[in-house]
Amino acid sequence: MHFQWDWLCLGVLIMSSVTAGMENEEDLDADVEVENFDKQSQEADVDRDKSSIEVVYQTPKPTGEVYFTETFDEGLSRWVLSVTLKEDTDDNVAKYDGKWEVEELKENAVPGDKGLVLKSVAKYHAISAMLTKAFVFDDKPLIVQYEVNFQKGIDCGGAYIKLLSSSNDLNLEYFFDKTPYTIMFGPDKCGEDYKLHFIFRHKNPKTGEYDEKHAERPDVDLKKFYLDKKTHLYTLVLKPDDTFEILIDQTVVSKGSLLENMIPPVNPPKEIEDPTDKKPDDWDERPKIPDPNAVKPDDWDEDEPAKIEDPDAVKPEGWLDDEPQYVPDPNAKKPKDWDEEMDGEWEAPQIPNAKCESAPGCGEWVRPMKNNPKYKGKWRAPMIDNPNYQGIWSPRKIPNPDYFEDLHPFKMTTISAIGLELWSMTSDIYFDNFIICSEKEVADRWAADSWGLKKLVASANEPGMFSQLVTAAEEHPWLWVLYILTLALPVGLSVLFCWPGKKSDECIDFKKPAVSKQITKGELKEEAEEFEDDELEEEKENEDTGEDEVGEGSEDIYDDEEENEVLDEEENEVPDEEENEVLDGSQGDRSNKSDSDEKKEADKGGGDRPLKSVRKRRVRKD
């Protein structure tokens, strides 16, 4: 057991050392980061934070065929601000007068990399640009990709884009919420509803009208992408086989089919319920009915109450029938401003009657109520299966007059422009690095040259573990208690299990191991002879003792005899033949002693007596 405690203590000490070493390394890392940051702050001419690593930014260039790219490094020369009004809105807020700016990120900025920033709060914003060339939905995939950073988080607002449908009357100066679009894609949030839109407008081949089809919500938690104040990459991939993928930071968060995973479905049902069909009056939808042949038993009394007074109850002794439970407060006084004409007659407030505290109860005693054994309630016939049950009625199906089947909804309306038509309660929403292409490799390379640099800078500027712990504790002070307990636990265990304690003499005696070894016959004989010599010497010393001591010694003899009997029982349990021979020899020597010798042995004083017993036990045990 002592060996196990040693290993436990050693393990606790090792854990404590490792934990302390990790914390020291984190502290050193945090110090190095702080020193680097201070040096860069001294060298910088601007007040905002700079990256702790050297990043050389170059405006990304597309590596393949593209339909649209925008980095905003050259401003808004190709973009058009809307000058129209939003319909169905008050005139004082209907104007698209929200401000846009081109600027760098406020945090983790890449020097020279600029983006489009929504600056106004509680205003409508609209800005758009023509594609380099229109995208026709034919046999090539459509890939739309751009960056968003909610630099102040987001309370309520969107950061989605619209791919505007081609038309002869498309005028970007009059771009507003009713401008026809083919696809709407991007993040949107209001309250605790975090959305990632993918909507496309599908043309009904029969009526020529357009209906919005919404993709099913992703199964992942989107909250962190809206609140962590980092730049995230949003990608939509539409394929000619009528499938789609939605990615955030190049990780798929949703995918499906345009034919199966859109709400409402692209194709209507072949059959619909007949709106003119009505349920017949005699249609029976009841699966169970009361048994018409059941009869109420004669002894069924529906008038019996559920509760009755307990006739066996007895009023407790000492019950104060004449004392009320509450009495007027004798110490209460009428307020000075009490007006009996306005307030009525003043009455002292009621307080519990002090006499009732020592009594079983006060007031009129009423028998307690108990369940009525005769109560059965209202009789009802048992339920049986309805022989006339016809099932739940539903209208008959008829062919859907509006049915059509579009097997390739990927073939949407051609797009020729991109636009942002937004309203937000939070400012400083950052957009950057738009690209529309048909090859995934082109989009990935574009992301590596743009979003990849932002991600690298943000990772380099991430605070160390120690700084993160301190920041978290500042936001949640209760974490300090957790930190202290985490550090104090290894120390406390070390002190509890490893600190040397004071041991009592009794514990030391009990913990002394009894060393056993094999004894030969010769060694046993020599020890027996020495034992006899000791006994002879003791006999001589005891010759001068008085009769009183003999009487006292006789009691010890009985004890000694009982002890010898116990030893004999132990000898019988030893199976070894050699040990049996040794023990038999010692018993023979002892049997040769006369009764008088045993009495003389018993005459020895209490000081030496325990030692003899111990020696006998050791010989027998060996």
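**Close-up views of a predicted model**

**Figure 1. Strands β12, β13 and β14.** T243 has S257 in β14 as its bridge partner. The view, like those that follow, is taken from a predicted model. Six bridges pair β13 with strand β14 (residues 251-257), and the two run in the antiparallel sense. They form a hairpin with two residues between the strands, and D249 in its turn has a positive phi of about 55 degrees. On the other pairing shown, β12 and strand β13 (residues 243-248) are antiparallel over five bridges. Within this pairing, L236 has I246 of β13 as its bridge partner. The hairpin of β12 and β13 has four residues between the strands, and here D242 takes a positive phi near 65 degrees.

**Figure 2. Surroundings of T231, in the loop that leads into β12.** The loop that holds T231 runs between α3 (223-227) and β12 (232-238). Is T231 buried or exposed? Its relative accessibility is 13%, under the 20% cut-off for a buried residue, so T231 counts as buried. The side chains of T231 and N149 are joined by a polar contact of 2.9 Å. Leaving out residues up to four places away in sequence, T231 touches L105, E147, V148, N149, D249, W451 and K454. D249, listed among these contacts, is the residue with positive phi in the turn between β13 and β14.

**Figure 3. Surroundings of T182 in β9.** T182 belongs to strand β9 (residues 181-190). With a relative accessible area of 1%, T182 is buried. Which side chain makes a polar contact of 2.7 Å with that of T182? The partner is the side chain of S165. A polar atom of the T182 side chain also lies 3.1 Å from the backbone oxygen of T413. Beyond its neighbours within four places in sequence, T182 is in contact with F137, L163, S165, I199, F200, R201, M412, T413, T414 and I415. S165 is the last residue of strand β8 (residues 161-165), and I415 is the start of strand β24 (residues 415-424).

**Figure 4. The largest nonpolar core, with I183 in the centre of the view.** Nonpolar side chains tend to be buried together in soluble globular proteins. The largest nonpolar core of this model has 63 residues, of which L142, I183, F198, L238 and F431 touch the most other members. Strand β5 (residues 123-135) contributes six residues, the most of any element. Apart from this core lies another of nine residues, including V237, L247, V442 and W446. Outside four places in sequence, I183 has contacts with F137, L142, I161, K162, L163, F198, I199, F200, L236, L238 and M412. Of these, L142, F198 and L238 are also named among the core residues that touch the most other members. L236, another contact of I183, is the residue bridged to I246 in Figure 1.

**Figure 5. Strand β24 and its partners β5 and β8.** Nine of the 10 residues of β24 are buried, so this strand is largely enclosed by the rest of the structure. Nine bridges join β24 to β5, and the two strands run antiparallel. K123 has S424 of β24 as its bridge partner. Strand β8 (residues 161-165) is also antiparallel to β24, joined through four bridges. Here L163 stands opposite I418. L163 is in addition a contact of T182 in Figure 3 and of I183 in Figure 4.

**Figure 6. The loop around P387.** P387 is located between β22 (383-385) and β23 (397-399), in the connecting loop. P387 has a relative accessibility of 67% and therefore counts as exposed. The C-alpha atoms of P387 and D284 are 9.8 Å apart, while the two residues are separated by 103 residues along the chain.

**Figure 7. The whole chain, for orientation.** The chain contains 14 helices and 25 strands. Of its 622 residues, 32% count as buried. Among contacts with a separation of 6 or more, 76% are between residues 24 or more positions apart. The accessible surface is about 40,300 Å², with 51% of it belonging to carbon and sulfur atoms. The average pLDDT is 79, and 70% of the residues score at least 70. The pLDDT is below 50 over residues 503-517, a stretch with three contacts beyond near neighbours in sequence. Residues 546-622 also have a pLDDT below 50, and this stretch has 61 such contacts in the model.

Note on methods. Residues numbered from 1 in each chain as written. Predicted model: local features only at pLDDT ≥ 70, side-chain atom pairs only at ≥ 80, totals over all residues. Heavy atoms only, no water. pLDDT = per-residue confidence, 0-100. Contact = heavy atoms within 4.5 Å. Buried < 20%, exposed > 50% of the residue type's maximum accessible area, 1.4 Å probe, protein only. Polar contact = N/O pair within 3.5 Å; in protein donor to acceptor, adjacent residues only side chain to side chain. Pairing = 2+ DSSP bridges. Core = buried A, V, L, I, M, F, W, Y, C linked by side-chain atoms within 4.5 Å. Areas by Shrake-Rupley, 256 points an atom, 1.4 Å probe, with all protein chains shown as cover.
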